[in-house]
Amino acid sequence: MKIKGYLYTISFHEDETDLCELEMRSLFPEDSISPTGFIESKLELEQSRSPFMKGRVDILAESESYHELLSVISEIGLKEASYKVVFIKGNGSIPFPDRKRMEREAGAYIEGAVDLQNPEQTFAVMFANGRWLFGYYHKSKSVWLEHQNKPNQYSTALSTRLARAVANIAVPHPADIKAIDPCCGIGTVLIEALSMGINIVGSDINPLVTGKARENIAHFHLKGEVLLQDIKAVMGAFDVAVIDMPYNLCSVLPYEEKLEMLKSARRFAKKAVIVSIEEVDEAIQQAGFAIVDRCTANKGSFKRHVLVCK
């Protein structure tokens, strides 16, 4: 069955707008979020990768009118052991009774048993970008929520939701990419990256957290290397580094120390995604990086800067 394209439904809180848009720009450089919360693309990505993706429709049929869409569906000749059809919100406002009717009407052209609880295949019908669409539907799983239940926690660690977005911004397409998190702490970013198949290693100068990071990674049956080392001692070459600038609840790093960290990153990484609670533009530029994209991630009154540097 030929897939014509992919439509991803997107959902985010108002204070996550900047972060979501930066992640989507990274994952889908040729596409953009529609005002009604979806992205249509030729790129096929696992829908559970992003904390902002709610599902993916693999488009099988499209038409300017709903009745023409039904005609196209009838010609495909779909056969499934068990299935259901769901209506996905796109453009426009379709009353609930009409949505349920459309689900039944589209499903009438599929050969197989209707199973609303545990179908082997789910299909979607929706109106988006000025036309009607029908296709396979894949609902996202909130994997990052499971990762909140780490055996070791740290008060200033990134949330798993933010960590997953940062991992995607750093490595949107993992093939042949070698990444490092040289200030990995308890491994929050490492867990998200490893769970998405990203080739990443971690390290940290603090011996109190490296063991905890390894334990957290193993807890989710993931495999990843965590070294005890200063960022200034990192050897080798990496395509990208993720650096959550260290701080505690009472203080932040002196400027010179931040600069030395960033200079070290410039030495071993072609690209860096830097997360900081304060402005670090001057130090980034002095270290030899250029800021190519950025956003702020807000949680209440607490703000983190996320900067993409090359």
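Colleague: By class, which residues make up the lining of the largest cavity?

Modeller: Bear in mind that this is a predicted model. The lining has six nonpolar, one polar and two charged residues.

Colleague: Which residues line that largest cavity, by name?

Modeller: Going along the chain, you get M245, P246, Y247, V252, L253 and K258, then S276, I277 and E278.

Colleague: And what volume does the largest cavity have?

Modeller: About 50 Å³.

Colleague: How many cavities of 30 Å³ or more does the structure hold?

Modeller: Just one.

Colleague: OK, switching to the sheet. What order do the seven strands take?

Modeller: Reading across, the order is β10-β9-β8-β11-β12-β14-β13. The sheet is open and its pairing is mixed.

Colleague: Which strands are at the edges?

Modeller: β10, at 226–228, and β13, at 291–299, each of which pairs on one side only.

Colleague: How many degrees does the twist average from one strand to the next?

Modeller: It averages 20 degrees.

Colleague: Do β8 and β9 pair in the parallel or antiparallel sense?

Modeller: Parallel, over four bridges, with β8 covering residues 178–181 and β9 covering 199–204. In that pair, A179 stands opposite I200 of β9.

Colleague: What about helices: which strands does α5 touch?

Modeller: Helix α5, residues 160–170, packs on the sheet and touches β11 (238–244), β12 (269–276), β13 and β14 (302–309). The direction of α5 makes about 155 degrees with that of β12.

Colleague: And where does α7 pack?

Modeller: On the sheet too: α7, residues 207–219, touches β9 and β10. Its direction makes about 170 degrees with that of β10.

Notes
Residues are numbered from 1 along each chain as its sequence is written. This is a predicted model: local features need pLDDT of at least 70, side-chain atom pairs count only at pLDDT 80 or more; totals for chains, interfaces and linings use all residues. Side-chain values use heavy atoms; hydrogens and water are left out. On a 1 Å grid over the protein atoms alone, a cavity is a set of points where a 1.4 Å probe fits but cannot get out, and a pocket is an open set with protein on both sides within 12 Å along at least five of seven lines; lining residues have an atom within 4 Å of a point. Grid points are joined across faces, edges and corners, and a volume is the space filled by probe spheres set on the points. Ala, Val, Leu, Ile, Met, Phe, Trp, Tyr, Cys and Pro count as nonpolar, Asp, Glu, Lys and Arg as charged, and the others, Gly among them, as polar. Two strands pair if DSSP finds at least two bridges between them. Helices (H or I, at least four residues) and strands (E, at least two) are DSSP runs, numbered from the N terminus. Axes are lines fitted to C-alpha atoms, for helices over the stretch in contact, and angles run from 0 to 180 degrees between N-to-C directions. Contact means heavy atoms within 4.5 Å.
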